[in-house]
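User: I'm new to reading protein models. Could you take me through this one, a bit at a time?

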Amino acid sequence: MAMLEVKNIEVCYGMIRAIKNISFEINKGEIVALIGANGAGKTTTLHTVSGLLKPTTGQVLFNGKDISKIPAHKIVTMGMAHVPEGRRVFQQLSVLDNLKLGAYTRTDKKEIAENLKRVYEHFPRLAERKHQIAGTLSGGEQQMLAMGRALMSNPDIILMDEPSMGLSPLLVKEIFTIIEELHKAGTTILLVEQNAKMALSVANRAYVLETGSIAMSGDAKEMLNNDDIKKAYLGQ
Amino acid sequence: MITLIDGLSLGSIYALIALGYTMVYGIAKMLNFAHGDIIMVGAYAIMVTLAATVSPIAAIIAAIVICTILGILVEKLAYKPLRGASPLAVLITAIGVSYFLQGLAQLVFGSQPKPVGSAWKLPAIKAINDIGITTSAAVTLICGIIIMVALTLFIKYTKTGSAMLAVSEDRGAAILMGVNVNKIISITFAIGSALAAFAGMFYLFQIPNTEPTLGAMPGITAFTAAVIGGIGSIPGAMVGGVLLGVIEKFCLASPLAPYTVAIKFSLLIVILLVKPTGLLGKVVREKV
């Protein structure tokens with residue numbers, strides 16, 4: 001059984017249908033990439049999965065349970081973490097306070113402390129700056145903080161929305177190295193990216209979104225060599 | 001010196017009320033103009049309980065409990081259904097709630113001021129009374145400081161406190177942390193209203209009469225204080241409140257006394273001209 005199964009969802013903003021009849025699935029331990037141009041519906045899809053938006057039709061099954069009508073804050077406790085577009089770290093709080101908020105739904109102090117240690121191992125830069133105010137971090141560091149914060153809820157799956165946005169090529173590489181590390185450590189990841197090349201190079205499988213529908217799906221490495229994809233998304 | 005103590009004491013009343021305005025604004029993104037009337041309800045709660053039990057302690061507890069419940073109820077019944085509505089609709093509703101509470105008090109207790117009762121009296125403390133500081137000023141100042149320190153520690157060191165800061169900065173991101181925003185808003189109204197009950201209590205120490213419009217002037221002054229300090233900022237509300245209290249008392253003690261109210265509110269205009277975000281307010285950066 002797939003860990004996350006999205007079945008025929010449709011999402012509207014008022015009169016506008018942003019996504020039409022999208023279905024996809026993610027198995028435990030996979031990295032799945034959702035790629036597509038601006039406005040294709042990638043972020044809307046992600047928001048619907050994590051409960052910030054409610055689909056007008058369709059289901060979102062997480063570990064076999066339909067979560068499409070459950071409030072977003074409860075879905076977090078079920079083991080889903082969402083790293084939002086633009087990082088959205090709490091600018092006025094310290095790095096440590098941000099990370100602690102990531103563990104907001106948990107009460108097991110000892111395990112939270114261990115989890116914090118693991119996050120610091122993945123992101124040594126956050127450990128160095130734990131008392132710094134998050135708003136003063138660089139873009140790359142804020143992305144690391146947003147990812148570390150998501151890990152603090154000890155999730156079964158992490159949704160990542162444009163982790164490379166606004167970062168220098170060097171930092172993009174660093175962030176994707178960390179994504180691969182997280183994957184190796186067993187985390188399941190749903191990755192939304194405009195940087196199709198990077199996304200496809202770390203993902204197992206990928207879905208291509210075009211104006212609210214899935215245009216193509218398949219093995220990520222094969223897609224890297226697909227002529228249509230190359231032309232439309234890889235700039236080759 | 002004595003004017004300063006009086007001012008600080010009055011200022012801590014304003015600060016307690018301003019905290020309610022600023023916290024609700026920060027977290028629910030609305031101006032709760034019925035906040036001042038919660039003070040009035042607290043004052044009547046003290047009067048009624050005092051008449052029934054003759055125990056000031058019971059009266060204080062009753063005021064805090066009643067105001068807290070009232071704050072939560074007002075939010076649930078009047079504001080929650082408007083979540084996501086235009087700010088203007090919420091603002092008008094808040095003004096409506098304010099008139100409703102005043103009207104209700106008038107209906108139940110009449111429009112005339114009523115003495116709170118002879119049991120409501122602080123003991124004389126000779127040492128400070130002799131140098132001209134009233135017991136009520138001293139008690140208000142000390143309790144005010146204790147309450148504000150406690151609130152600051154609560155926000156800084158508890159999980160609920162950091163969730164409040166998180167919701168106030170970025171509601172969407174807070175939801176993604178698993179924060180139940182509705183619950184945090186309820187808690188905020190509860191805390192704000194409890195602070196208003198304290199303010200009502202201190203107010204009655206200074207002026208031992210209740211009337212339906214009792215909350216209006218301290219309410220609007222404290223709102224001004226919250227804006228001067230930077231609405232949404234907790235230390236800002238404290239600074240703004242204390243500042244206005246001190247200015248008010250010094251004006252009253254000077255030949256400018258008839259212009260006190262004008263001076264208080266002109267300060268708002270001056271500060272907003274010089275620093276539109278208020279003294280400790282933060283510039284909200286546009287998110288791209």
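Analyst: Let's start with a term: a residue is buried under 20% relative accessible area, exposed over 50%, and partly exposed in between (1.4 Å probe, protein chains only). This is a predicted model, where local features need pLDDT of at least 70 and side-chain atom pairs count only at pLDDT 80 or more, while totals for chains, interfaces and linings use all residues. Residues are numbered from 1 along each chain as its sequence is written, chains are lettered from A and ligands numbered from 1 in the order in which they are written, and side-chain values use heavy atoms, leaving out hydrogens and water.

User: Okay, what percentage of the residues of chain A count as buried?

Analyst: Chain A has 236 residues, and we apply the under 20% cut-off to them. The share that counts as buried is 51%.

User: What radius of gyration does chain A have?

Analyst: The radius is taken over C-alpha atoms, and the globule rule is 2.2 Å times the number of residues to the power 0.38. With 236 residues, a compact globule would come out near 18 Å. Chain A agrees with that, at 17 Å.

User: On to rings! Are B:Tyr21 and B:Phe33 stacked or edge-to-face?

Analyst: Rings of Phe, Tyr and Trp (its six-membered ring) pair if their centres lie within 6.5 Å; planes under 30 degrees apart are stacked, over 60 edge-to-face, and the rest tilted. By this rule there are 8 aromatic pairs over all chains. For B:Tyr21 and B:Phe33, the centres are 6.4 Å apart and the planes meet at 65°, making the pair edge-to-face.

User: How many residues apart in sequence are the parts this pair ties together?

Analyst: Helices here are DSSP runs (H or I, at least four residues), numbered from the N terminus. B:Tyr21 sits in helix α1 of chain B, and B:Phe33 in the loop between α1 and α2. So the pair ties together parts whose separation in sequence is 12 residues.

User: Is B:Tyr21 buried or exposed?

Analyst: Its partner B:Phe33 is partly exposed, with a relative accessible area of 21%. B:Tyr21 has just 2%, so B:Tyr21 is buried.

User: And are B:Tyr44 and B:Phe109 stacked or edge-to-face?

Analyst: Their ring centres are 4.2 Å apart. The planes are at 15°, so this pair is stacked.

User: Which helices of chain B hold those two residues?

Analyst: The pair ties together parts that are 65 residues apart in sequence, because its two residues lie in separate helices. B:Tyr44 is in α2 and B:Phe109 in α4.
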